[in-house]
Amino acid sequence: DISLEGVVMYDGAIQEGLSENHVTSGEKSLKIKIPNITWEAYPGMIVRSESIDTSKAETLEFDMFNDSQSVMSLYVKFFDEAGNASDHSFGAITPGAQHVSFPISQLVGIDKNKIKSILIWTYPQNAEVTFYFDNFHFWS
């Protein structure tokens, strides 16, 4: 599992803390609010680590709940220790619960043995949106 304790908010996203709502593993989920942002922004969260070796992993997996009536586009950007990035779309995240899976084989231009951080982000909508995240892990 990937710890969500060191999560940092990015570009206007607000961490509302741990919640007992929409938990799929353990006792709490991570609640994040994306406010109604009127400027160009890419709000999200950064999961940091000492160094993650994804060379043997097949997918990055997590559960999320979109607590809005809006379909949201969700993206992931992996960074290695040298600062190289690999940016990808998860596609449309509909309202409600879903399991998200990203194939590690799609990472390009980075050292898969030394992942330093993972940015999960979206484009802001015309209204506030709340996401719940849980059960982050690499599957192999």
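One cavity of 30 Å³ or more was counted in this predicted model. The volume of the largest cavity is about 50 Å³. Rolling a probe the size of a water molecule over the atoms shows where empty space is left. The lining of the largest cavity is made up of Ile32, Ile34, Pro43, Gly44, Met45, Leu74, Ile120, Trp121, Thr122, Phe131 and Phe133. Nine of these lining residues are nonpolar, two are polar and none is charged. Four strands each supply at least two residues of the lining: strand 3 (29-34), strand 4 (44-52), strand 9 (115-122) and strand 10 (129-139). Strand 9 contributes the most, with three residues.

Strand 9 is also mostly covered. Seven of its eight residues are buried. Strand 9 pairs with strand 4 in the antiparallel sense, over six bridges. In this pairing Val47 stands opposite Ile118 of strand 9. Strand 9 also runs antiparallel to strand 6 (residues 72-80), and seven bridges join the two. Tyr75 has Trp121 of strand 9 as its bridge partner. Trp121 is in turn one of the residues lining the largest cavity. Further along, Asp80 stands opposite Ile115 in strand 9.

Strand 6 has a second partner in strand 7 (85-93). These two strands pair in the antiparallel sense over eight bridges. Here Tyr75 stands opposite Ser89 of strand 7. Tyr75 thus has a bridge partner in strand 7 and another in strand 9. Strand 6 and strand 7 form a hairpin, with four residues between them. Gly83 lies in the turn and has a positive phi of about 90°.

Strand 5 (59-66) is covered along its length. Eight of its eight residues are buried. On one side these are Thr59, Glu61, Asp63 and Phe65. On the other side they are Leu60, Phe62, Met64 and Asn66. Both faces of strand 5 are therefore covered, as each of these residues is buried, with under 20% relative accessible area. The pairing of strand 5 involves two strands. Eight bridges join strand 5 to strand 8 (96-103), and the two run antiparallel. In strand 8, Ser101 is the bridge partner of Glu61. Strand 5 also pairs with strand 10 in the antiparallel sense, over seven bridges. There, Leu60 stands opposite Phe138 of strand 10.

The largest nonpolar core holds 30 residues. Leu60, Phe62, Phe78, Ile118, Ile120 and Phe133 touch the most other members of this core. At least two core residues come from each of strand 3, strand 4, strand 5, strand 6, strand 7, strand 8, strand 9 and strand 10. In soluble globular proteins, nonpolar side chains tend to be buried together. Ile120 and Phe133 belong to the core and also line the largest cavity. Leu60 and Phe62 are core members that share one side of strand 5.

The contacts of Phe78 give a closer view of this core member. Neighbours within four places in sequence are left aside. Phe78 is then in contact with Leu60, Asn84, Ala85, Ser86, Phe102, Ile104, Leu107, Ile110, Ile115, Ser117, Ile118 and Phe138. Among them, Leu60 and Ile118 are, like Phe78, residues that touch the most other members of the core. Leu60 and Phe138, both in contact with Phe78, stand opposite each other in the pairing of strand 5 with strand 10. Ile115, also in contact with Phe78, is the residue of strand 9 that stands opposite Asp80.

Terms used:
Residues numbered from 1 in each chain as written. Predicted model: local features only at pLDDT ≥ 70, side-chain atom pairs only at ≥ 80, totals over all residues. Heavy atoms only, no water. 1 Å grid on protein atoms, 1.4 Å probe; cavity = no way out; pocket = protein on both sides within 12 Å on 5 of 7 lines; lining within 4 Å. Points joined across faces, edges and corners; volume = space filled by probe spheres on them. Nonpolar A, V, L, I, M, F, W, Y, C, P; charged D, E, K, R; others polar. Buried < 20%, exposed > 50% of the residue type's maximum accessible area, 1.4 Å probe, protein only. Pairing = 2+ DSSP bridges. Core = buried A, V, L, I, M, F, W, Y, C linked by side-chain atoms within 4.5 Å. Contact = heavy atoms within 4.5 Å.
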